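Thanks for making time this morning. I would like to walk you through the charged pairs and one of the chain contacts in the model that I am about to put up.

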Amino acid sequence: MLTRPTLLKILSTLILFGAWEIAGRIPVSYAFPTFIESMQALARMTFDGTLFVAYGETLKPLVIGILISTVLGITIGLFIGLSGWFDWLMSPIFIVMQAAPLAALIPLLVMAYGIGLTSKVFVVCIMAMPVIVLNTSSAVRNTPGSLKEMGRSYLASDTEIITKIIIPSASPLIFSGLRLGISAGFIGAILSELKITPTGVGDIITFSRSIADYPSMYAAIFSIILLAVLFLNLLESIENYLFEGNNRGYVSD
Amino acid sequence: MSQTKSAFGQAASLDTEHAVITRNICKNYGAVEALKDLSLEFPRGQLTSLLGPSGCGKTTLLKIIAGLLEPTSGEVEVNGRLINGPGPNRAFVFQDFALLPWASVMRNVAFGLELRGMPKSEREAIAENYISAVGLSGFENSYPHELSGGMRQRVGLARALSVDAKVLLMDEPFSAVDEQTRRKFQEDLLGLVQNENKTFIFVTHSIEEAVYVSDQIAILLPRPSRVSEIIRPRALHGKDVSNIRRDPEYLDIVDQIWASLRSYVE
Amino acid sequence: MKVGNIQLPGMSSLLLWGLIWEIVGRSGLTFFVPPLSEVIATLFSVIGTPAFLTALSETAYAFFLGVFFAIVIGVPVGILMGKNRLADELLLPWVNIFLSAPLTALVPVLMVLFGFGMKSIIITTTLFAIWIIILNARAGVKQINRSLVDMAKSFLATPWDAFFKIYIWAALPEILGGIRIGVIRAVKGVIIGQLLISIVGFGALFELYSSNFLMGHFWAVLIVLFAMAFAVSELLAYLERRVSYYAATR
Ligand SMILES: Nc1ncnc2c1ncn2[C@@H]1O[C@H](COP(=O)(O)OP(=O)(O)OP(=O)(O)O)[C@@H](O)[C@H]1O
Ligand SMILES: [Mg+2]
């Protein structure tokens, strides 16, 4: 059944893509293809396999970087949240990293690690990790004291308190950190493909720009944004699967 | 439709005894019938309480009179005129005070006048009057978060008084203050009713409070929502204020109301 | 963190890290990390140079204009979304998508549409900052106390008065929170723009220093940039705390 929200979603999609189509037909700029042209280019690249080859390239540093950031970030965040000493030592680094434009490090990374996979993984990691660490640590630090006391009063061991109380109660914030981290990771992955060496999707974008094949360029950009959105939706389903209780629904007035 | 309405309005304007009249008000929230065919008259210059169990539609009725909610059907007449929205002849006192947290007491009290476009010096002179009338002199430049709950409600009251509306609508104005302050407020309210020549419509949960302050009590009952009874403890008000709570008549009325309400809370 | 009875101040571990940096630098372990003392000496010699001042002014120009547009467009749009259900339902999905989309991928589009100059950098900055500003302004309006809205209505406030005397102020803590996060993102956006679009401002300095292997210069400018970014975010956090007193009492 068509409910009002789905109907409006369809409507707003139609409006945006319609506006794109119209702007492309005027055209607002010689470099602004219509929506339909872009979608045709997307279909062509999908069916001749270009897109899959490109994503095989792009996803490598992205997935490796995100995995490292997730595992390392959550671990560091847990330690920071649990130990005051570690907090004192490590927090400032990540707070500064979170506020700082780390993209400025790219030229240095390229010098140190060359233009290969390592540099790109590094870029993804430095973009994605700070927010994961900071969200995890603040969630762990702010676990309600009453919950921990409840655990202790029922004679839970320290490990049990961490795995059965602290982590579940921190999980919503950890996941929102992951969401932010992954989207920053995407930014880093594309940045490194555009800045360091054109590979994967970055290559399609750069190359089609250089030969003025704008539909392909827009199609590639469209696909990477779509991929990021799908990736984040996947993460949300994982969260819902792992921690069903996090989905507490909306509080309406 | 507008013609019949205005014809109605003129005919009714002869009625000078009642400041507010509601006729056949119905209000539905989706499938919930909050009010059903409710008619009630509010005598001019007197205080009428709306009393009833939670969820029986007191706030809904008050907001309809204020013009903040549209009734599903039915009409409200204020000073002989049908209303179609909020108006300068009514002022609302909110249960949660509805003060601007970023504005001083002075600006809060003068805010109604500010929205009417009154010049600053003029409105602040008026506000100053009411600030001292509610006993907050010296706090003009304080901010709401620096005041106690009781003081905040005085600010809300001063704001409603300063726009000089003839009808004051109060939604459980004393429910967020402690018992001592509440008693003090109730005495002050009796004074206001006597001196200000305004019509008060007052929502409360408390039977004792209703009997103590009211000239007329409308008891509302839910499912379906209706006025079940109107009680006029007017006789009490000839008596000495400090003795009302010991008056046998007061106690009788409290008992009587409790008797008719108790079946709804069980 | 406490040592004995002394409370160590929040960021004091950075001193320890500085010390480690100095030791690593002196040990000559890697060419890329010169000793901190050397970097700081370079910092003071670099800071007054015309090259640095040009980079600073170019970056500041793009940054402030970008943030300005993000606020001037973002706050009203967010307030509109908070007030109007239809606008909210039409816009919210897109705002959410662009909030988490890899905006770097859009930079090439800006380049072909708006050229390889300042204009594209400013738009990149705005794009990085605006979505969170919209979302927070929306959230701020959504949580406005119903009675404040009713109060304005009962005093017959005009839409204009209601907007400027109530909504903006009632949503101010959230709006400021959004602006703070937006500004942090804008700092990142302006640097990314400078690296990708045209090599100007700090982006140009970084390229210059790294291609000439001037590691001391590179780190010196990086420290200045990080310090400024951090200072801006702390300043905004301070402003936010100044109004948070009434966020709690609303
Ligand atoms: N916005 C709304 N949407 C749906 N139903 C509502 C809404 N506001 C009130 N109701 C319903 O209308 C009925 C009357 O509500 P109202 O707030 O007028 O009660 P009340 O007498 O003021 O209660 P209380 O004493 O608890 O304040 C209730 O059953 C409530 O569930
Ligand atoms: Mg109520």
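Before I give any counts, let me fix the term that I will lean on: a salt bridge here is a side-chain nitrogen of Lys or Arg within 4 Å of a carboxyl oxygen of Asp or Glu. Please keep in mind throughout that this is a predicted model. With that rule in hand, the interface of chain C and chain A holds 2 salt bridges, while the count over all chains comes to 26.

Let me stay with the contact between chain C and chain A, to which chain C contributes 55 residues and chain A also contributes 55 residues. As a general remark, the size of an interface is often given as the accessible area lost when the parts come together. For chain C and chain A that figure is about 4700 Å², and 80% of it falls on carbon and sulfur atoms. On the polar side of the ledger, 11 residue pairs are in polar contact across the interface of chain C and chain A, with both residues at pLDDT 80 or more. If we ask which elements of chain C give two or more residues to the side that touches chain A, they are helix H1 (13-27), H4, helix H5 (107-114), helix H9 (172-196), helix H10 (201-211) and helix H11 (215-249). The one that gives the most is H11(C), with 9 residues. In composition, the residues on that side of chain C divide into 43 nonpolar, 7 polar and 5 charged.

Now to the individual pairs. The side chains of Arg4(A) and Glu89(C) meet in a salt bridge, with an N to O distance of 2.9 Å. Glu89(C) also pairs with Arg85(C), here at 3.6 Å from N to O, and those two residues both lie in helix H4 (residues 85-100) of chain C, 4 residues apart, about one turn of the helix. Is Glu89(C) buried or exposed? At 18% relative accessibility it counts as buried, because the cut-off for that class is under 20%, whereas Arg85(C), at 52%, counts as exposed.

A pair with similar spacing sits in helix H7 (residues 146-154) of chain C, where Arg146(C) and Asp150(C) are 4 residues apart, about one turn of the helix. Their side chains meet in a salt bridge at 3.3 Å, N to O. Arg146(C) is partly exposed, with a relative accessible area of 47%, while Asp150(C), at 2%, counts as buried. Elsewhere, salt bridges that share partners join Arg107(B), Glu114(B), Arg123(B), Asp161(C) and Lys165(C) into one network.

Within chain A, I would point you to Asp87(A) and Arg141(A), whose side chains form a salt bridge at 3.3 Å, N to O. This pair links distant parts of the chain, with Asp87(A) in helix H4 (residues 84-99) and Arg141(A) in helix H6 (residues 117-141), 54 residues apart. Both ends are partly exposed, Asp87(A) with a relative accessible area of 21% and Arg141(A) with 37%.

Finally, a word on cysteines, where the count of disulfides over all chains comes to 0. Cys26(B), for instance, is in no disulfide, and the nearest cysteine sulfur, that of Cys56(B), is 15 Å away. Cys125(A), for its part, is buried, with a relative accessible area of 11%.

Technical notes:
Residues numbered from 1 in each chain as written. Chains lettered and ligands numbered in written order. Predicted model: local features only at pLDDT ≥ 70, side-chain atom pairs only at ≥ 80, totals over all residues. Heavy atoms only, no water. Buried < 20%, exposed > 50% of the residue type's maximum accessible area, 1.4 Å probe, protein only. Contact = heavy atoms within 4.5 Å. Buried area = accessible area lost by both parts, 1.4 Å probe. Polar contact = N/O pair within 3.5 Å; in protein donor to acceptor, adjacent residues only side chain to side chain. Nonpolar A, V, L, I, M, F, W, Y, C, P; charged D, E, K, R; others polar. Disulfide = S-S within 2.5 Å.
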